[in-house]
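Please work through the following exercises with the model open beside you, and try each task before reading its solution.

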Amino acid sequence: MNRVIAVFTKESFLVPLVAIILGLLTGAIAMLAGGFNPIKAYMSLLEKVFGNAYNFGETIRQITPLIFTGLSVAFAFRTGLFNIGAEGQFIVGMIASTAVGVSLDLPAYIHAPLAIIAGAVAGGLWGSIAGYLKAARGVNEVITSIMLNWVALYLANWVMNAFFVPSGQQRSEMIHDSAIITIGWLSTMFDSARLHWGTLIAVLAAIFFYVILWKTKSGYELRAVGLNPHASEYAGMNVNRNVVKAMFIGGMFAGIGGACEILGVFHYQAIMTAQPGYGFDGIAVALIGGNTPLGVVLGAILFGILTFGAAGMKFGAGVPVELIRVVIASVIFFVAAHGIVKIFVKPIMKKKKEGGN
Amino acid sequence: MKKVLSVLSVTALSLSLVLAGCGSKPEAQPQGQAGGATGGAAGGAAPTVKIGMVTDVGGVNDNSFNQSAWEGLQKLQTDLNLPKDNINYLQSTSDADYVPNLTQFVKDKWDLTWGIGFLMGDHLKKVADENKDAKLAIIDAEVDAPNVESVLFKEHEGSFLAGVVAAKMTKTKTVGFVGGVEIPVIKRFELGFEAGVKAVDPSVKVLKVYTGAFDKPDLGKSTASQMYGQGADIIFHASGGTGDGVFNEAKDRKAKGENVWVIGVDKDQSLTFGDEVTLTSMVKRVDEAVYRVSKDLIDGKFQGGIKWLGLAEDGVGLASTSNKNVPEDVLKLVDEYKQKIVKGEITVPEK
């Protein structure tokens, strides 16, 4: 319990919190400049999210993939890798789960798990391409993973067009009912919002993230490599293997996220004209969450609320949806620019030091 | 060092996100009807019907059919003196947004909800089936539900006329077609255009490229650059915002003295990009369709079903400003072909 309290009063928690507030304030200033009422805007944002069961359910739907991609980025970060490729791993996970969902005919208890595992493995392998290139050739993973995003996007469209899209359509065939992971009764309860088991899997993934990194030997190695690869090597750890492993597990998270979007939300895969964007938002989620599992979940909730509620802002206060991107971008900016935020945090920290300890 | 780098790249990334958001937004249009947006808020004894619209990812400033649809609604608002809040739109930022956005209007008991674009078809069907008492309408997609009116256009007929103009005006005997995504709607543009070109002069070559996106002006520019490089002097685009890049490339080349042209799409694009590069535009009267169907609703004449608008219904056609760059005799020929299509003497291929 003490540990939980410590988490909430630590600087690593205060900095994002202040950054979020500053971000919201910046957004408010932008709204004022545009002649909108920021209080009304934020109120209608909250009303959109919490106003009725349907929208609340859809917000959870929006949050789920962000947890996965956030975990993906955060995991790699712990091993000192910057995984910009969550987007691509997410897409590859979509392809694999669509392929399994459409082309196999199995009983439900094995079909759905198999489709998710396929997504996880595909995402993991996609991630480990960047990991392998880094380990074997020293290629910067930022470059390779960002390029692999585009490869994944066009690969997805090609695979879909070549094998799964009926002519005259813009999407694959429906996956079989046995592969669908939508929770029917919960969906009905939330006024047919698209809720699915993926949310539970996301929370389990966050726990898995914690256990593997902090409770196992290989997790210790992964973190050690992240903190100081040279020292780790000197201590007898295989740095290269850990790099590939980190990218594989990171990719797995994103891949499951993609699989859950297909199996739980869409039930088919559309031809994409642009990246779905969850991977990029995952970077920000990981950053705000301080690369910790709890932080990532909280960050994803924040991002989910902001992006889904943006439509409410438009509806209730006439604020263009792009403005929420200003808020998000400023939150990221303030998290990244610790220095500015610390000016605000310092007095609080000082007080606490005098009081406690 | 690594930390600094990563922080820097994240900052750069977030900045680029913001910039990307701005980049795809073309400057405001100096167009007549745009002014009506806020003017008609006077209220009075006007009907209190509420009409909403959900755009696809292009948004209402896409210089293309989303914008055209929104202008249709704005015109309706001005004409009928509807209160300001009685028309509204929601922009979708990804596929996942279509259903919640449509549902927002439907659950809020708006009288009519528009879905704009082929890609929204399945999603609109889902919402329509779940809310049988709501009325919806969609542009460019066939949705088979009793409470949905689907409006489709015979783009192939209008594009045929654009093809006639291109074949007559090309000096290099080569013309180009830039498509957005290869979907049935855009396919109709392509086939109609090609048929028009070949009807006038079978020896004219038609280069065809699908860019795979409706919102990538950079891709449009590079594609146009390649096509002009291969000898095309007129490009017909059917690619939404991607086409902005085609116009930009044409402008650059025009400035260097090359004689190149673009044929615009959906709206009269000479109003946005200027007469010096816009040969003509294949106008698709989305605004007219939105206006008419919405008006039908107000008059109590709304009926579900599928409606096709072609040359005969004035749903498609060349822009009225075409005579600035297209000579009289070519326009005359265009009119002859138009009559033949309307009478059914020519059947333009669509598949």
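The exercises below concern a predicted model, and each task is followed by a solution in steps.

**Exercise 1. The contact between the chains**

Task: Find how many residues of chain A and of chain B are in contact, and describe the side that chain A contributes.

Solution: Begin with the count, which gives 29 residues of chain A in contact with 33 residues of chain B. Next, assign the chain A residues to their elements: those that give two or more residues are helix 4 (53-78), helix 13 (278-288), helix 14 (293-317) and helix 15 (322-336) of chain A. Of the shares, the largest is that of helix 15 of chain A, with seven residues. Finally, sort the residues on this side of chain A by character, which yields 18 nonpolar, seven polar and four charged.

**Exercise 2. A sheet in chain B**

Task: Work out the strand order of the open sheet of six strands in chain B, and explain why strand 7 and strand 12 each have one side without a neighbour in the sheet.

Solution: Reading across the sheet, the order is 7-6-8-9-10-12, and the pairing is mixed. Strand 7 (205-210) and strand 12 (316-318) of chain B stand at the edges and have a single partner strand each, so one side of each lacks a neighbour in the sheet. When direction is ignored, neighbouring strands of this sheet are turned against each other by 15° on average.

Now look at one pair within the sheet: strand 6 (residues 174-179) and strand 8 (residues 234-238) of chain B run parallel and are joined by five bridges. To locate one of the partners in strand 8 of chain B, start from V178(B), whose bridge partner there is H237(B). As a last step, add the helix that lies across these strands: helix 9 (residues 242-255) of chain B lies across strand 6, strand 8 and strand 9 (261-266) of chain B, and runs at about 160° to strand 9.

**Exercise 3. Two aspartates with positive phi**

Task: For D191(A) and D140(B), establish where each lies, and decide whether each counts as buried or partly exposed.

Solution: Most residues other than glycine have a negative phi, and it is against this background that the two residues are examined. D191(A) has a phi near 60°, a positive value in a residue that is not glycine, and lies in the loop between helix 8 (184-189) and helix 9 (198-215) of chain A. Because D191(A) has 16 C-beta neighbours inside 10 Å, it counts as partly exposed.

D140(B), likewise not a glycine, has a positive phi of about 80°, and its place is the loop between strand 4 (136-139) and strand 5 (148-153) of chain B. With 25 C-beta neighbours inside 10 Å, D140(B) counts as buried, the cut-off being 20 or more.

**Exercise 4. The domains of chain B**

Task: State how chain B is divided into domains, and describe the contact between domain 1 and domain 2.

Solution: Chain B is divided into domain 1 (42-153 + 287-309) and domain 2 (155-284 + 319-343). The C-alpha centres of these two domains of chain B lie 29 Å apart, and the contact takes 10 residues from domain 1 and 13 residues from domain 2. On the domain 1 side, the residues divide into four nonpolar, four polar and two charged.

For the chain as a whole, chain B has 12 helices and 12 strands, and 53% of its 351 residues count as buried.

Note on methods. Residues numbered from 1 in each chain as written. Chains lettered and ligands numbered in written order. Predicted model: local features only at pLDDT ≥ 70, side-chain atom pairs only at ≥ 80, totals over all residues. Contact = placed C-beta atoms within 7 Å. Helix = DSSP H or I, 4+ residues; strand = E, 2+ residues; numbered from the N terminus. Nonpolar A, V, L, I, M, F, W, Y, C, P; charged D, E, K, R; others polar. Pairing = 2+ DSSP bridges. Axes fitted to C-alpha atoms, helices over the stretch in contact; angles between N-to-C directions. Buried ≥ 20, exposed ≤ 12 C-beta atoms within 10 Å, placed from the backbone. Domains from an automatic or database assignment.
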